[in-house]
Amino acid sequence: MKIDPRTVLPDVQSTPVKNSRAGAQPGAKDSSGVKPAAGEDTVHISSVHSDVQTLKANFAHVPEVRAAKVNALQQRVHSGNYKPDSQKVADAIIAEQSKRSSKG
């Protein structure tokens, strides 16, 4: 698609942009006590943001694989001592499938 720089576009916005803050007066201070500059936008981030960041940082330290459990099972498999109960395995598969199909 080519853009012709000589094309004149209609003025879409017929009214000037106004301050949309309810009760805002020029030069008024916001809740943080900081006076925003005239015509300058302000951003307020809730405390939920910091909570999410804290959880994200804590989650980064949780190992995805439980290495101790995996290593113990691996040793049992290599030594020939791992003998899973086929009935328990079948029951667990059926239970998991039932959960998934009921969720829809």
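## Glu96 and Arg100

Glutamate 96 is partly exposed, with a relative accessible area of 34%. Arginine 100 counts as exposed, at 56% relative accessibility. (Buried means under 20% relative accessible area, exposed over 50%, and partly exposed in between, with a 1.4 Å probe and protein chains only.)

The model is predicted: local features need pLDDT of at least 70, side-chain atom pairs count only at pLDDT 80 or more, and totals for chains, interfaces and linings use all residues. Residues are numbered from 1 along each chain as its sequence is written, and side-chain values use heavy atoms, leaving out hydrogens and water.

Arginine 100 and glutamate 96 form a salt bridge, with the closest N and O atoms 3.2 Å apart. (The term requires a side-chain nitrogen of Lys or Arg within 4 Å of a carboxyl oxygen of Asp or Glu.) The structure holds one salt bridge. The partners sit four residues apart in helix α3, residues 86-103, so about one helical turn separates them.

## Helix α3

α3 has 18 residues, and its end C-alpha atoms are 26 Å apart. That agrees with the 26 Å expected at 1.5 Å a residue. (The expected span is 1.5 Å times one less than the number of residues.) The helix is hardly covered: zero of its 18 residues are buried.

Aspartate 85 caps the N-terminal end of α3. One of its side-chain oxygens lies 3.1 Å from the backbone nitrogen of glutamine 87.

## Helix α2 and a nonpolar patch

α2 covers residues 67-79 and includes valine 77. Its 13 residues reach 18 Å from first C-alpha to last, close to the 18 Å expected. Glycine 80 follows α2, with a positive phi near 85 degrees.

Valine 77 joins Leu73 and Tyr82 in a nonpolar surface patch. Together they have about 250 Å² of accessible area. (Such a patch joins nonpolar side chains, Val, Leu, Ile, Met, Phe, Trp or Tyr, within 5 Å, from residues with over 30% relative accessible area and no salt bridge.)

## Overall fold and surface

The protein has three helices and zero strands. (These are DSSP runs: helices are H or I, at least four residues, and strands are E, at least two.) Along the sequence the pattern is α-α-α.

Of the 104 residues, 1% count as buried. The accessible surface comes to about 10,500 Å² (Shrake-Rupley method, 1.4 Å probe). Carbon and sulfur atoms account for 57% of this surface.

How values were computed. Patches are made of residues with over 30% relative accessible area and no salt bridge: like charges are joined within 9 Å, nonpolar side chains (Val, Leu, Ile, Met, Phe, Trp, Tyr) within 5 Å. A polar contact is a pair of N or O atoms within 3.5 Å; within protein, one must be able to donate a hydrogen and the other to accept it, and residues adjacent in sequence count only if both atoms are side-chain atoms.
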